[in-house]
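Please look over the structure shown here, and then follow the report below, which takes up a pair of helices, the nonpolar cores and one residue in a loop.

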Amino acid sequence: MAVIRMNLLSKSLGHQTNITVILPTMTYGEMVEGETVYQPGMRYQLMYLLHGSHGDETDYLHFTNIVRYADEAKLAVVMPAADNSEYADYLQGPRYFTWITEELPLVMRTLFPVSDRREDTFIAGLSMGANGAMKIAATYPARFAAALMMSGSARSGDGIEESARRRMALLPAMPDISDFYGDLSQFSGSSFDAYAQAKRHQQEGTPLPRMFFTCGSEDKLALPGCRKAVDFLTELGCDVFYEEVPGYRHEWDFWDLSLRKAISGWLPLRKKPILPGEEQEGK
């Protein structure tokens, strides 16, 4: 298993930034059996894994078994640093949404052996990262086969102004939401509104990725938003999976469990590399 930590210059952000990339490599079992593991031109399925607020791109390495899960599934994973940006573009400043959706995919396709097909690409995140994952999947549904939202969902226009006031009262060091979205009274129906984006794509006949939501039953912070997102997308006719797990709160034990479930069974993973010629043959 290769864990690669990179620092690189981003045009979208206007500064150096960090990403951590997991790439499957030869396992002990493959070595003992003498299997051919490395073939020039082979590629891996790819998951973008977004951290939560107050965290960074190393969180999953420190607090979950993502390296082992990804290695077992032959899945490449990229974890970008996004500060407390809500995975949005500042009106004046770094453009994190543009970095994640435009610049980072180009970096990955250029520097790493990853597939760029929709059926091989996934996005996931926890808490603030779930907000980002749902927002990005709803905005660019043709890019992702599935999205995994753990203990979170995208912001909606309902109550966003009151939410912003509570956030600043409790967490004054956090950026103001209006730094990303401008006049919050205009949020509903805008390009920032994941619910409006999802509805538009469904009306236009563009299928959304399969949406997976999971939340602990004791997670008072995220549970209402998860239920609302699941109800909305289900009524829209989207392919939605929801699991509410008894006894868990907003905690790493739950997110590790959720990643293990998603990678071992929920997500449509090949569990093997894509060999040269298989992309063209559609295998």
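In this predicted model, the crossing of helices α8 and α9 is right-handed. Helix α8, which covers residues 194–203, packs against helix α9, residues 223–235, at an angle of about 15°, and their axes are 11 Å apart. Because angles under 35 degrees count as roughly parallel, α8 is described as roughly parallel to α9.

The residues through which the two helices meet are set out by helix in this table.

| Helix | Residues in the contact |
|---|---|
| α8 | Tyr195, Ala198 and Lys199 |
| α9 | Gly225, Ala229, Phe232 and Leu233 |

Sorted by class, the contact of α8 with α9 has five nonpolar residues, one polar residue and one charged residue.

Leu233 of α9 also appears in the largest nonpolar core, which has 47 residues and in which Met108, Ile123, Phe213 and Leu233 touch the most other members. If neighbours within four places in sequence are left aside, Ile123 is in contact with a series of residues that includes Tyr48, Leu50, Ala133, Ile136 and Phe144. Another core, of 28 residues, lies apart from the largest one, and among its members are Ala124, Ala146, Leu259 and Leu269.

Leu259 is also one of the residues that Thr64 touches, together with Asp59, Trp252 and Asp256, when residues up to four places away in sequence are not counted. Thr64 is placed in the loop between α2 (59–63) and α3 (66–73). Is Thr64 buried or exposed? Its relative accessibility is 9%, and therefore Thr64 counts as buried. Although Thr64 and Trp252 are 188 residues apart in sequence, their C-alpha atoms are 7.1 Å apart in space.

Notes: Residues are numbered from 1 along each chain as its sequence is written. This is a predicted model: local features need pLDDT of at least 70, side-chain atom pairs count only at pLDDT 80 or more; totals for chains, interfaces and linings use all residues. Side-chain values use heavy atoms; hydrogens and water are left out. Axes are lines fitted to C-alpha atoms, for helices over the stretch in contact, and angles run from 0 to 180 degrees between N-to-C directions. Helices (H or I, at least four residues) and strands (E, at least two) are DSSP runs, numbered from the N terminus. Angles under 35 degrees count as roughly parallel, over 145 as roughly antiparallel, 65 to 115 as roughly perpendicular and the rest as oblique. A crossing is left-handed if the near helix is turned anticlockwise from the far one by less than a right angle, and right-handed if clockwise. Contact means heavy atoms within 4.5 Å. Ala, Val, Leu, Ile, Met, Phe, Trp, Tyr, Cys and Pro count as nonpolar, Asp, Glu, Lys and Arg as charged, and the others, Gly among them, as polar. A nonpolar core is a set of buried Ala, Val, Leu, Ile, Met, Phe, Trp, Tyr and Cys residues joined through side-chain atoms within 4.5 Å. Buried means under 20% relative accessible area, exposed over 50%, partly exposed in between (1.4 Å probe, protein chains only).
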